[in-house]
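Proteins are not solid blocks. Look over the structure below and search it for empty space.

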Amino acid sequence: MTGTPTLNAAPQPLLIVDDLSVHRGAAKILDRVKLTVEKGETLALVGESGAGKSTIATALMGLLTGAKVEGHAELEGTGDLLSLPSKQLVKLRGQRISMIFQDAGAALNPAYTVGRQLISALRRNLGLSRRDARERAIDLFSSVGINDAEARLSAFPHQLSGGMQQRVMVAIALACNPDLLLADEPTSALDVTIQAQIVRLILSQTRARGASCIFVLHDLALASQSCDRIVVLYAGQVVECGPARDVLERHRHPYTRQLKSCVLEIGRQDLEAPEGTVPSHDSMPPGCRFATRCPRALPRCAAEMPPLTPACDDRDGASDHAFACWNPE
Ligand SMILES: Nc1ncnc2c1ncn2[C@@H]1O[C@H](COP(=O)(O)OP(=O)(O)O)[C@@H](O)[C@H]1O
Ligand code: SF4
Ligand SMILES: [Mg+2]
């Protein structure tokens, strides 16, 4: 025995992202993004198209190309994902962190059967024999709702519907029991009738495994129903974050209100955006990026950038609800 167990120690978060910035040439696509993901938690990343949601997910996977990345992303037990050598990152992908992409049809390799793609991921990452990997693949297909799982192993991606392809992607992403799953609008390419099924499937499968999930969504209502915490992103910055109920019911940022009042449907390609335009990345104002569209703007808003400030909700002083606004609601 080398140490004394610590009683009541606060559990370590699984992931701490600190001051993540991404530059593409002169454009700052992400600006000092901070977020924390607890173990077993589902965090929704919400914001309209172009806000930088996919950039966050891709940066965490180490898959961003042609961009300069700054900041830290500490994954428990691993260190800073953003500075890991690529060899180590390749090892982590699948085993500790994995991603479900927007378009499963594009993410799957059309030249191989879906069974081969899943079985090779299992063999590569878990070192299973061909036979064990095949058995596990059948179990995984069944667990994500693929009927006649054994026969489906020999299907090529184009022989499956969009919903089935996405189920295959979910199976591949979960195959090695990762600690963190990144789901980047995984239903936006699907038929409306099956979107909710796939969202439920991803959430139930992640929870059943005790994994954490960053769920990229357009839809604030869906985020609040299905996720523990919400981060609202606007023009590459976090403008509000906190427990899902607080962000939905006690929002403080005017942009969160506008997101709430937009008529949203699950899986729309583009959020029905508030009026006005988002400033372009190479000419961001020095102050609040939402100022050009904000009905509550004050003279100082265009000149000074509001910092993320604790909301100090009456109900629960310990809540980590925070917002970035000079004139909050
Ligand atoms: N490969 C790329 N090259 C240049 N700009 C990009 C690239 N990928 C994304 N961007 C820009 O970065 C911004 C954020 O994009 P993205 O992360 O895809 O937003 P979201 O996922 O929230 O819709 C957008 O303005 C987009 O045009
Ligand atoms: S800082 Fe000013 S412009 Fe920005 S959201 Fe708040 S009130 Fe609106
Ligand atoms: Mg995206």
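**Two pockets**

In this predicted model, 22 residues line the largest pocket. Start at its centre. The lining residues nearest to that point are G94, A121, R124, N125 and I172. Find these five, and you have found the pocket. The space inside is about 520 Å³.

How is such space found? Rolling a probe the size of a water molecule over the atoms shows where empty space is left.

Now look at the walls. Four elements each supply at least two lining residues of the largest pocket: the helices α2 (86-92), α4 (114-126) and α7 (162-174), and the strand β6 (97-100). Which of them gives the most to this lining? The answer is α4, with five residues. By chemistry, the lining of the largest pocket splits into twelve nonpolar, seven polar and three charged residues.

Move on to the second largest pocket. About 260 Å³ of space lies there. Its lining includes D19 and the run D31, R32, V33 and K34. Q237 and V238 also line this second pocket. So do M305, P306, P307 and L308, along with A324.

Two strands stand out in this second lining. Both β2 (27-37) and β10 (237-243) supply at least two residues. The most comes from β2, which gives four. What kinds of residue line the second largest pocket? Seven are nonpolar, one is polar and four are charged.

Go back to the model and trace each wall in turn. Begin with α4 for the largest pocket, then take β2 for the second largest.

Note on methods. Residues are numbered from 1 along each chain as its sequence is written. Chains are lettered from A and ligands numbered from 1 in the order in which they are written. This is a predicted model: local features need pLDDT of at least 70, side-chain atom pairs count only at pLDDT 80 or more; totals for chains, interfaces and linings use all residues. Side-chain values use heavy atoms; hydrogens and water are left out. On a 1 Å grid over the protein atoms alone, a cavity is a set of points where a 1.4 Å probe fits but cannot get out, and a pocket is an open set with protein on both sides within 12 Å along at least five of seven lines; lining residues have an atom within 4 Å of a point. Grid points are joined across faces, edges and corners, and a volume is the space filled by probe spheres set on the points. Ala, Val, Leu, Ile, Met, Phe, Trp, Tyr, Cys and Pro count as nonpolar, Asp, Glu, Lys and Arg as charged, and the others, Gly among them, as polar.
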